[in-house]
Structure formats: structure tokens, C-alpha cells
Amino acid sequence: MFSHICKRHKSILRRVLGNSDPILQENKIINLRIALQHVNGIVINPGETFSFWKIIGKTTKNKGYIEGLMLSHGEVRVGIGGGLCQLANMLFWLALHTPLEIKERHHHSFDIFPDDRRVIPFGTGTSVFYNYVDLQFFNPTNFRFQFNLLLSDEYLEGTVCCDKELQFLYKVTERNHKFYQDESKWFRGNEIWRQEINREDDMIGREELIIVNHAEVKYMKSNN
């Protein structure tokens with residue numbers, strides 16, 4: 001593992017997801033374990049592009065993948081290899097804390113479940129669906145970046161490291177978060193920004209608008 005850590009993060013494996021069968025979350029963990037064999041330790045060299053599906057490949061029964069939860073067209077469905085969105089979410093969140101450029105990322109147009117122990121801003125997840133809805137990021141720098149991931153009993157844990165110390169730290173912030181109603185439907189929106197912070201003086205340099213979210217809420221919004 002490279003010695004300069006850009007970002008660490010962990011996401012809980014078992015969450016309250018509406019009325020979904022809990023066994024599907026256990027299945028998700030099995031699917032994640034298989035996928036991590038291909039992703040853990042991967043290095044993105046200067047000029048290279050990372051592609052989620054190029055690395056993972058098609059999720060099939062022959063590879064050991066089983067049925068898990070998938071989000072498709074605003075609905076919760078069951079499919080072979082379901083649950084890998086959590087891995088894509090982790091990779092995307094880690095990449096946002098580096099100078100890697102996001103080439104392809106698709107967000108969910110629906111907010112399916114209420115926040116359950118959410119620790120990062122709404123709308124920083126990503127949708128992946130083999131083989132046309134991908135997650136890709138490009139390394140425009142002269143540095144090498146490495147993604148290291150593991151499963152503990154409760155979490156998917158990830159770290160992105162660099163082979164050299166970067167001049168900037170990267171901070172991801174949320175702005176203009178709100179729930180709003182349009183006719184009979186509720187929506188949730190916000191903006192996700194990435195800031196470059198100079199290590200020497202903590203001054204904010206470049207700010208970049210990464211995402212503008214607009215998602216239909218599929219659950220009853222609390223008035224609290």
C-alpha cells in the first residue's frame with residue numbers, strides 16, 4: 001500500500017432498507033467479497049482510466065454471485081450480483097477526495113430509503129448496471145493512486161492512497177440541501193462541491209461543482 005493516505009471511509013453493511021428481506025443483505029456481502037478480489041489493491045497510473053465494469057466483469061452464477069438487492073428504474077429489485085452499488089459508492093467517494101477526474105458517474109433519480117446512519121451527504125452514491133451504466137475516473141496527474149478495500153464484520157472499509165504527498169487536501173461539501181414538493185410528489189435536492197485545500201496554509205483554492213441532485217422521494221418524508 002502506498003504510504004500517503006488521501007482518504008479513509010467505511011460504510012455499514014446492514015442497513016434498514018424498507019421491507020426488503022434481510023437475507024438479501026447477507027447475499028450482498030457475499031457478492032461484495034467476490035468483487036473485492038478484483039478491485040482491492042488496484043493502482044491507477046498517470047493517464048489511466050478506471051472502469052468499474054472492466055475490472056469486475058459480468059456478475060454471473062458461475063463466478064459465485066448470488067441474488068441481492070438492485071435499484072432499477074426507481075424500484076427495488078432482486079438480481080444476480082445485487083449490492084455492488086455499495087462498492088461503487090465507496091470507490092466514488094474515495095475518488096472525490098483526490099484529483100482524479102470523474103469521467104462517468106450515474107446517480108439514482110429516486111431516493112428510495114430514508115437515511116439510516118448516513119455519514120456522507122445525500123446524493124454521493126452512484127448507480128452501476130452491467131455493462132452500460134459504468135463508473136469511470138481518469139488520472140490526469142503524474143501521481144499513482146491505489147484503492148484498498150476490505151470487509152469487516154459490520155463495514156465495507158476503503159482507503160485511497162498516493163505514491164507521493166499531494167499539495168492539496170480534498171474536501172467534499174454539501175450545499176442547498178432541501179426537500180420540495182412538485183404537484184403531488186416530493187423531491188430531494190442538493191449540490192455536491194469539491195474543494196482543494198492547500199496543505200501549507202489551509203487556504204481553499206479551486207472549488208468544483210461535482211453533482212446537482214434532483215431525486216424523487218419514494219418514502220414518506222418526516223416533518224422533523
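Helix 1 and helix 3 are oblique to each other, because their axes cross at roughly 45 degrees, an angle outside the parallel, perpendicular and antiparallel ranges. The model is predicted. Helix 1 spans residues 22–39, and helix 3 spans residues 85–95. Their axes come within 9 Å. On the side of helix 1, the contact is made by Lys 28, Leu 32, Ala 35, Leu 36 and Val 39. Helix 3 contributes Gln 86, Leu 87 and Leu 91. The residues of this contact divide into 6 nonpolar, 1 polar and 1 charged.

Aromatic rings were examined next. A pair of aromatic rings is described by the distance of the centres and the angle of the planes. The structure holds 6 aromatic pairs. One of them joins Trp 53 and Tyr 130. The ring centres of Trp 53 and Tyr 130 lie 5.4 Å apart. Their planes stand at 85 degrees, so the pair is edge-to-face; the cut-off for this class is over 60 degrees. The pair links distant parts of the chain, with the two positions 77 residues apart. Trp 53 belongs to helix 2 (residues 52–56). Tyr 130 sits in the loop between strand 7 (110–111) and strand 8 (136–138).

Empty space was considered last. The count comes to 1 cavity of 30 Å³ or more. The largest cavity holds about 30 Å³ of space. Its lining consists of Tyr 170, Arg 194, Gln 195, Glu 196, Arg 206, Glu 207 and Glu 208. Strand 12 (185–198) and strand 13 (204–217) each give two or more residues to this lining. By type, the lining residues divide into 5 charged, 1 polar and 1 nonpolar.

Technical notes: Residues are numbered from 1 along each chain as its sequence is written. This is a predicted model: local features need pLDDT of at least 70, side-chain atom pairs count only at pLDDT 80 or more; totals for chains, interfaces and linings use all residues. Side-chain values use heavy atoms; hydrogens and water are left out. On a 1 Å grid over the protein atoms alone, a cavity is a set of points where a 1.4 Å probe fits but cannot get out, and a pocket is an open set with protein on both sides within 12 Å along at least five of seven lines; lining residues have an atom within 4 Å of a point. Grid points are joined across faces, edges and corners, and a volume is the space filled by probe spheres set on the points. Helices (H or I, at least four residues) and strands (E, at least two) are DSSP runs, numbered from the N terminus. Ala, Val, Leu, Ile, Met, Phe, Trp, Tyr, Cys and Pro count as nonpolar, Asp, Glu, Lys and Arg as charged, and the others, Gly among them, as polar. Axes are lines fitted to C-alpha atoms, for helices over the stretch in contact, and angles run from 0 to 180 degrees between N-to-C directions. Angles under 35 degrees count as roughly parallel, over 145 as roughly antiparallel, 65 to 115 as roughly perpendicular and the rest as oblique. Contact means heavy atoms within 4.5 Å. Rings of Phe, Tyr and Trp (its six-membered ring) pair if their centres lie within 6.5 Å; planes under 30 degrees apart count as stacked, over 60 as edge-to-face and the rest as tilted.
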